Number of protein chains: 2
Amino acid sequence: MKALLLIAHGSRRKQSNDEVVKIAERLRQNCSAQYPIIHAGFLELAETLIPDGIKQCIDDGATSIIVLPYFLNSGRHVVEDIPTIVNETQPHYPDVDIKIAPHLGDSPLMLELLVTSANTIQ
Amino acid sequence: MKALLLIAHGSRRKQSNDEVVKIAERLRQNCSAQYPIIHAGFLELAETLIPDGIKQCIDDGATSIIVLPYFLNSGRHVVEDIPTIVNETQPHYPDVDIKIAPHLGDSPLMLELLVTSANTIQ
(Lines give C-alpha, C1' and ligand atoms only; values in the text may rest on other atoms or scores of the structure.)
Protein backbone atom coordinates (compact mmCIF):
# COMPACT_ATOMS: atom_id res chain seq x y z
CA MET A 1 0.00 0.00 0.00
CA LYS A 2 1.44 3.34 -1.12
CA ALA A 3 2.00 6.31 1.20
CA LEU A 4 2.93 9.93 0.58
CA LEU A 5 4.82 11.75 3.33
CA LEU A 6 4.89 15.50 2.67
CA ILE A 7 7.94 17.01 4.42
CA ALA A 8 8.24 20.74 5.05
CA HIS A 9 11.03 22.53 6.89
CA GLY A 10 8.97 23.35 9.98
CA SER A 11 8.52 26.80 11.48
CA ARG A 12 8.28 28.39 14.92
CA ARG A 13 5.14 29.99 13.52
CA LYS A 14 2.31 27.53 14.11
CA GLN A 15 0.25 28.87 11.20
CA SER A 16 2.96 27.94 8.68
CA ASN A 17 3.01 24.37 9.98
CA ASP A 18 -0.80 24.23 9.94
CA GLU A 19 -0.74 25.23 6.25
CA VAL A 20 1.40 22.19 5.48
CA VAL A 21 -0.92 19.90 7.44
CA LYS A 22 -3.87 21.36 5.51
CA ILE A 23 -2.17 20.69 2.17
CA ALA A 24 -1.69 17.07 3.28
CA GLU A 25 -5.41 16.94 4.15
CA ARG A 26 -6.31 18.30 0.70
CA LEU A 27 -4.03 15.69 -0.88
CA ARG A 28 -5.82 13.03 1.20
CA GLN A 29 -9.21 14.25 -0.04
CA ASN A 30 -8.14 14.31 -3.68
CA CYS A 31 -5.49 11.64 -4.22
CA SER A 32 -6.47 8.75 -1.96
CA ALA A 33 -7.11 6.45 -4.94
CA GLN A 34 -3.43 6.71 -5.88
CA TYR A 35 -1.98 7.19 -2.39
CA PRO A 36 -4.25 5.63 0.27
CA ILE A 37 -1.99 6.88 3.09
CA ILE A 38 -0.93 10.55 3.26
CA HIS A 39 0.74 12.32 6.16
CA ALA A 40 2.65 15.56 6.75
CA GLY A 41 5.92 15.87 8.63
CA PHE A 42 8.71 18.32 9.33
CA LEU A 43 12.48 18.39 9.12
CA GLU A 44 12.76 20.37 12.37
CA LEU A 45 11.03 22.85 14.70
CA ALA A 46 7.63 21.13 14.49
CA GLU A 47 5.96 17.78 14.96
CA THR A 48 5.63 15.23 13.37
CA LEU A 49 9.35 14.70 12.64
CA ILE A 50 10.39 12.60 9.63
CA PRO A 51 11.10 9.27 11.44
CA ASP A 52 7.76 9.51 13.25
CA GLY A 53 5.99 10.38 9.97
CA ILE A 54 7.53 7.29 8.35
CA LYS A 55 6.38 5.20 11.34
CA GLN A 56 2.85 6.66 11.05
CA CYS A 57 2.70 5.64 7.38
CA ILE A 58 3.88 2.11 8.24
CA ASP A 59 1.47 1.82 11.17
CA ASP A 60 -1.29 2.67 8.68
CA GLY A 61 -0.16 -0.21 6.48
CA ALA A 62 2.28 1.40 4.03
CA THR A 63 4.53 -0.97 2.11
CA SER A 64 6.06 1.82 0.03
CA ILE A 65 6.53 5.46 1.02
CA ILE A 66 7.33 8.46 -1.14
CA VAL A 67 8.89 11.26 0.89
CA LEU A 68 7.89 14.46 -0.88
CA PRO A 69 10.03 17.50 0.06
CA TYR A 70 7.88 20.63 0.29
CA PHE A 71 10.87 22.81 -0.60
CA LEU A 72 11.44 25.15 -3.52
CA ASN A 73 15.22 24.97 -3.77
CA SER A 74 17.79 22.21 -3.76
CA GLY A 75 19.51 23.50 -0.62
CA ARG A 76 21.27 21.53 2.10
CA HIS A 77 17.95 20.42 3.61
CA VAL A 78 16.89 18.76 0.35
CA VAL A 79 20.29 17.49 -0.75
CA GLU A 80 21.67 16.31 2.61
CA ASP A 81 19.38 16.53 5.64
CA ILE A 82 16.24 14.77 4.38
CA PRO A 83 18.18 11.95 2.63
CA THR A 84 20.33 11.43 5.75
CA ILE A 85 17.28 11.06 8.02
CA VAL A 86 15.52 8.76 5.54
CA ASN A 87 18.66 6.62 5.16
CA GLU A 88 19.00 6.35 8.94
CA THR A 89 15.33 5.37 9.30
CA GLN A 90 15.12 2.90 6.38
CA PRO A 91 17.05 0.01 8.10
CA HIS A 92 14.38 -0.15 10.84
CA TYR A 93 11.85 -1.11 8.17
CA PRO A 94 13.65 -3.44 5.74
CA ASP A 95 10.39 -4.55 4.10
CA VAL A 96 9.25 -1.01 3.27
CA ASP A 97 10.42 0.76 0.14
CA ILE A 98 11.15 4.43 0.96
CA LYS A 99 12.03 6.87 -1.85
CA ILE A 100 12.48 10.63 -1.98
CA ALA A 101 10.76 12.68 -4.69
CA PRO A 102 12.35 15.77 -6.28
CA HIS A 103 11.87 19.15 -4.61
CA LEU A 104 9.12 21.33 -6.05
CA GLY A 105 11.27 23.89 -7.88
CA ASP A 106 12.31 21.04 -10.16
CA SER A 107 8.77 20.38 -11.37
CA PRO A 108 7.83 21.05 -14.99
CA LEU A 109 4.51 22.33 -13.61
CA MET A 110 6.20 25.15 -11.64
CA LEU A 111 6.09 27.64 -14.53
CA GLU A 112 2.37 27.04 -14.99
CA LEU A 113 1.77 27.45 -11.26
CA LEU A 114 3.73 30.72 -11.20
CA VAL A 115 1.87 32.22 -14.14
CA THR A 116 -1.48 31.07 -12.72
CA SER A 117 -0.64 32.76 -9.40
CA ALA A 118 0.32 35.96 -11.24
CA ASN A 119 -2.86 35.91 -13.32
CA THR A 120 -5.12 35.65 -10.25
CA ILE A 121 -4.52 39.31 -9.46
CA GLN A 122 -5.02 40.82 -12.91
CA MET B 1 3.73 46.93 -20.60
CA LYS B 2 3.41 44.15 -18.02
CA ALA B 3 6.27 42.87 -15.89
CA LEU B 4 6.65 39.88 -13.59
CA LEU B 5 9.11 40.18 -10.71
CA LEU B 6 9.76 36.79 -9.13
CA ILE B 7 10.89 37.30 -5.52
CA ALA B 8 12.58 34.54 -3.53
CA HIS B 9 13.96 34.79 0.00
CA GLY B 10 17.61 34.73 -1.02
CA SER B 11 20.24 32.34 0.30
CA ARG B 12 23.90 32.42 1.29
CA ARG B 13 24.17 29.43 -1.04
CA LYS B 14 24.76 30.79 -4.54
CA GLN B 15 23.27 27.70 -6.20
CA SER B 16 19.86 28.32 -4.58
CA ASN B 17 19.81 31.89 -5.89
CA ASP B 18 20.91 30.70 -9.32
CA GLU B 19 17.95 28.29 -9.39
CA VAL B 20 15.58 31.22 -8.92
CA VAL B 21 17.28 33.21 -11.68
CA LYS B 22 16.97 30.15 -13.94
CA ILE B 23 13.25 29.86 -13.23
CA ALA B 24 12.87 33.52 -14.21
CA GLU B 25 14.76 32.75 -17.43
CA ARG B 26 12.42 29.82 -18.16
CA LEU B 27 9.44 32.10 -17.51
CA ARG B 28 10.97 34.61 -19.93
CA GLN B 29 11.33 31.91 -22.60
CA ASN B 30 7.77 30.66 -22.16
CA CYS B 31 5.58 33.54 -21.04
CA SER B 32 6.93 36.61 -22.83
CA ALA B 33 3.70 37.04 -24.83
CA GLN B 34 1.81 37.64 -21.60
CA TYR B 35 4.63 39.23 -19.59
CA PRO B 36 7.17 40.93 -21.89
CA ILE B 37 9.39 41.87 -18.92
CA ILE B 38 10.44 39.24 -16.38
CA HIS B 39 13.08 39.56 -13.68
CA ALA B 40 14.10 37.75 -10.50
CA GLY B 41 14.86 39.39 -7.18
CA PHE B 42 15.44 38.57 -3.52
CA LEU B 43 14.10 39.70 -0.18
CA GLU B 44 17.56 39.54 1.40
CA LEU B 45 21.01 37.90 1.27
CA ALA B 46 21.31 38.09 -2.52
CA GLU B 47 21.11 40.53 -5.38
CA THR B 48 18.94 41.87 -7.01
CA LEU B 49 16.97 43.25 -4.02
CA ILE B 50 13.26 44.07 -4.46
CA PRO B 51 13.54 47.87 -5.00
CA ASP B 52 16.27 47.32 -7.61
CA GLY B 53 14.18 44.59 -9.28
CA ILE B 54 11.24 47.00 -9.50
CA LYS B 55 13.55 49.65 -10.99
CA GLN B 56 14.89 47.11 -13.53
CA CYS B 57 11.32 46.34 -14.66
CA ILE B 58 10.55 50.06 -15.01
CA ASP B 59 13.82 50.76 -16.84
CA ASP B 60 12.73 48.03 -19.29
CA GLY B 61 9.46 49.88 -19.86
CA ALA B 62 7.06 48.30 -17.36
CA THR B 63 3.86 50.21 -16.66
CA SER B 64 2.48 47.48 -14.40
CA ILE B 65 4.43 45.02 -12.26
CA ILE B 66 3.26 41.85 -10.57
CA VAL B 67 5.52 40.91 -7.68
CA LEU B 68 5.32 37.11 -7.43
CA PRO B 69 6.51 35.70 -4.07
CA TYR B 70 8.42 32.45 -4.59
CA PHE B 71 7.44 31.27 -1.12
CA LEU B 72 5.44 28.24 -0.03
CA ASN B 73 3.98 29.54 3.23
CA SER B 74 2.26 32.72 4.31
CA GLY B 75 4.95 33.56 6.86
CA ARG B 76 6.18 36.97 7.96
CA HIS B 77 8.17 37.45 4.75
CA VAL B 78 5.05 37.09 2.61
CA VAL B 79 2.58 38.82 4.92
CA GLU B 80 4.76 41.71 6.13
CA ASP B 81 8.23 42.07 4.64
CA ILE B 82 7.49 41.95 0.90
CA PRO B 83 4.39 44.20 1.14
CA THR B 84 6.33 46.70 3.29
CA ILE B 85 9.18 46.97 0.77
CA VAL B 86 6.76 47.23 -2.17
CA ASN B 87 4.73 49.90 -0.36
CA GLU B 88 7.88 51.89 0.39
CA THR B 89 9.01 51.64 -3.25
CA GLN B 90 5.67 52.36 -4.95
CA PRO B 91 5.62 56.18 -4.22
CA HIS B 92 8.83 56.60 -6.24
CA TYR B 93 6.93 55.40 -9.32
CA PRO B 94 3.44 56.91 -9.08
CA ASP B 95 2.62 56.03 -12.70
CA VAL B 96 3.41 52.33 -12.31
CA ASP B 97 0.86 49.87 -10.95
CA ILE B 98 2.59 47.40 -8.61
CA LYS B 99 0.63 44.46 -7.20
CA ILE B 100 1.64 41.40 -5.19
CA ALA B 101 0.45 37.94 -6.23
CA PRO B 102 -0.43 35.21 -3.70
CA HIS B 103 2.33 32.93 -2.41
CA LEU B 104 2.64 29.55 -4.12
CA GLY B 105 1.19 27.34 -1.37
CA ASP B 106 -2.10 29.09 -2.02
CA SER B 107 -2.30 27.93 -5.62
CA PRO B 108 -5.01 25.50 -6.70
CA LEU B 109 -2.32 23.89 -8.90
CA MET B 110 -0.15 22.96 -5.90
CA LEU B 111 -1.85 19.58 -5.35
CA GLU B 112 -1.31 18.65 -8.97
CA LEU B 113 2.34 19.72 -8.78
CA LEU B 114 2.89 17.66 -5.61
CA VAL B 115 1.35 14.51 -7.08
CA THR B 116 3.27 14.97 -10.33
CA SER B 117 6.54 15.27 -8.36
CA ALA B 118 5.68 12.11 -6.40
CA ASN B 119 4.80 10.21 -9.56
CA THR B 120 8.14 10.99 -11.23
CA ILE B 121 9.89 8.47 -8.99
CA GLN B 122 7.45 5.56 -9.30
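This report walks through the sheets, the chain contact and a few backbone oddities of a two-chain model. Keep in mind that the model is predicted.

**The sheet in chain A**

Let's start with chain A. It has an open sheet of 4 strands, laid out in the order E2-E1-E3-E4 with parallel pairing. At the edges sit E2 and strand E4 (97-100) of chain A, each of which pairs on one side only. From one strand to the next, the twist averages 20°.

If you want to look at one pairing up close, try strand E1 (residues 2-8) of chain A, which runs parallel to E2(A) and is joined to it by 6 bridges. A handy spot to find there is A:Ile7, which stands opposite A:Gly41 in E2(A). Helix H1 (residues 14-31) of chain A packs on this sheet and touches E1 and E2 of chain A. The direction of H1(A) makes about 170° with that of E2(A).

**The sheet in chain B**

Over in chain B, you'll find an open sheet of 4 strands in the order E2-E1-E3-E4, with parallel pairing. Its edge strands are strand E2 (37-42) and strand E4 (97-100) of chain B, and each pairs on one side only. Neighbouring strands in this sheet are turned by 20° against each other on average, direction ignored.

Here the pairing to zoom in on is strand E3 (residues 64-69) of chain B with E4(B), parallel over 4 bridges. Within that pair, B:Ile65 has B:Ile98 of E4(B) as its bridge partner.

**Where the chains meet**

How many residues does each chain bring to the contact? Chain B gives 47 residues and chain A gives 47 residues. The area buried between the two chains is about 4000 Å², and carbon and sulfur atoms give 65% of that. As for charge pairing, the count between chain B and chain A is 0 salt bridges. Polar contacts do turn up, though: there are 12 residue pairs across the interface, with both residues at pLDDT 80 or more.

On the side of chain B that touches chain A, the elements giving two or more residues are E1, helix H1 (14-31), E3, E4 and helix H4 (110-119) of chain B. Which of them gives the most? That's H4(B), with 10 residues. Sorted by character, the residues on this side of chain B come out as 25 nonpolar, 15 polar and 7 charged.

Chain A reaches over with a helix too. Helix H4 (residues 110-119) of chain A lies across strand E1 (2-8) and E3 of chain B. H4(A) runs at about 125° to E3(B).

**Backbone oddities**

Now for some backbone spots worth clicking on. The table lists the cis peptide bonds at Glu47 and Thr48.

| Peptide bond | Form | Omega |
|---|---|---|
| A:Glu47 to A:Thr48 | cis | near 10° |
| B:Glu47 to B:Thr48 | cis | near 10° |

Where do these bonds fall in the fold? A:Thr48 is in the loop between strand E2 (37-42) and helix H2 (50-59) of chain A. Likewise, B:Thr48 is found in the loop between E2 and helix H2 (50-59) of chain B.

The chain A loop holds another quirk. A:Leu45, found in the loop between E2 and H2 of chain A, has a positive phi of about 70° although it is not a glycine.

Definitions and conventions:
Residues numbered from 1 in each chain as written. Chains lettered and ligands numbered in written order. Predicted model: local features only at pLDDT ≥ 70, side-chain atom pairs only at ≥ 80, totals over all residues. Heavy atoms only, no water. Pairing = 2+ DSSP bridges. Axes fitted to C-alpha atoms, helices over the stretch in contact; angles between N-to-C directions. Contact = heavy atoms within 4.5 Å. Buried area = accessible area lost by both parts, 1.4 Å probe. Salt bridge = Lys/Arg side-chain N within 4 Å of Asp/Glu carboxyl O. Polar contact = N/O pair within 3.5 Å; in protein donor to acceptor, adjacent residues only side chain to side chain. Nonpolar A, V, L, I, M, F, W, Y, C, P; charged D, E, K, R; others polar.
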